[in-house]
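Welcome! Here is a short briefing to help you find your way around a structure you have not met before. Take a moment to look at it, and then read on.

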Amino acid sequence: MAKIGRNDTCPCGSGKKYKRCCLTAQVTNPDAVTTAANIADSIADDDDICDCCLEDLEQRADRALDLILDGHVDDAEAMAHDLMRDFPREVEGIDLLSMVSEARGQRERAAELLRRAIAIVRVHPHHDAETRTLMNRRLKELELRA
């Protein structure tokens, strides 16, 4: 796999520089391109966030979702990237970014991001079966419409 520079465009497709996007999600190897597999590999079963941080994450994710529903996708995208930066091992920022892409009609990118989120949800212990089911259903819908 080719090495990506900090100032190169992020391989996740966000259009941002790597250092401002997925570099912060690199946990295991700072020279590797962020993928669902290496993020998922870095998540330990006992690596849950504290209740205070979880509450902050959920409130911010809810605000970003409200922005998407209200048509403010640029603001929602910025919030999704902030969540990815602040909570690099959590799935909410990636999931919201997939919703932003879908709202913009970028179904292929939305599906790619959702696959990445699903890979994280599979190995993270605090995501319930309903979350997994909803994400898989959204992915199937995106793939059917693509």
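Which residues in helix 4 are buried? They are Glu92, Gly93, Ile94, Asp95, Leu96, Leu97, Ser98, Met99, Val100 and Ser101. Please keep in mind that this is a predicted model. The points below start with the whole protein, stay a while with helix 4, and then turn to the core and the largest pocket.

**The protein as a whole**

- The protein has six helices and zero strands, and along the sequence its pattern reads α-α-α-α-α-α.
- Of its 146 residues, 43% are buried.
- If you take the contacts between residues at least 6 apart in sequence, 52% of them join residues at least 24 apart.

**Helix 4**

- Helix 4 runs over residues 92-103, which gives it 12 residues.
- From its first C-alpha to its last, helix 4 reaches 16 Å, close to the 16 Å expected at 1.5 Å a residue.
- This helix is mostly covered, with 10 of its 12 residues buried.
- The cover over those buried residues includes helix 2 (51-69), helix 3 (73-86), helix 5 (107-123) and helix 6 (129-145).
- Just after helix 4 comes Gly105, which takes a positive phi of about 80°.

**A closer look at Ser98**

- Ser98 is a residue of helix 4, and it counts as buried because its relative accessibility is 0%, below the 20% cut-off.
- Leaving out residues up to four places away in sequence, Ser98 touches Ala110, Leu113, Leu114 and Arg138.
- Two of these partners, Ala110 and Leu113, are themselves among the buried residues of helix 5.

**Ile68, a partner from helix 2**

- Ile68 lies in helix 2, and its relative accessibility of 11% is why it counts as buried.
- Outside its neighbours within four places in sequence, Ile68 is in contact with Ala76, Leu96, Met99, Val100 and Ala103.
- One of those contacts spans a stretch of chain: Ile68 and Val100 are 32 residues apart in sequence, with their C-alpha atoms 6.6 Å apart in space.

**The largest nonpolar core**

- The largest nonpolar core has 29 residues, and those that touch the most other members are Ile68, Leu83, Val91, Ile94, Leu96, Leu114 and Met135.
- Helix 2, helix 3, helix 4, helix 5 and helix 6 each supply at least two residues of this core, and helix 5 gives the most, with eight.
- Met135 touches Val91, Asp95, Leu114, Ala117, Ile118 and Val121, again not counting residues up to four places away in sequence.

**Helix 5**

- The 17 residues of helix 5 should span 24 Å at 1.5 Å a residue, and its end C-alpha atoms are 25 Å apart, so the two values agree.
- Buried residues in helix 5 include Arg109, Arg116, Ala117, Ile118 and Val121.

**The largest pocket**

- The largest pocket has a volume of about 480 Å³.
- It is lined by 18 residues, of which Ala61, Asp62, Glu92, Asp95 and Thr131 are the closest to its centre.
- Helix 2, helix 4 and helix 6 each supply at least two residues of this lining.
- Sorted by class, the lining holds eight nonpolar, three polar and seven charged residues.
- Asp95 links several of these topics: it is one of the buried residues of helix 4, it touches Met135, and it is among the residues closest to the centre of the largest pocket.

Note on methods: Residues numbered from 1 in each chain as written. Predicted model: local features only at pLDDT ≥ 70, side-chain atom pairs only at ≥ 80, totals over all residues. Heavy atoms only, no water. Helix = DSSP H or I, 4+ residues; strand = E, 2+ residues; numbered from the N terminus. Expected span 1.5 Å × (residues − 1). Buried < 20%, exposed > 50% of the residue type's maximum accessible area, 1.4 Å probe, protein only. Contact = heavy atoms within 4.5 Å. 1 Å grid on protein atoms, 1.4 Å probe; cavity = no way out; pocket = protein on both sides within 12 Å on 5 of 7 lines; lining within 4 Å. Points joined across faces, edges and corners; volume = space filled by probe spheres on them. Nonpolar A, V, L, I, M, F, W, Y, C, P; charged D, E, K, R; others polar. Core = buried A, V, L, I, M, F, W, Y, C linked by side-chain atoms within 4.5 Å.
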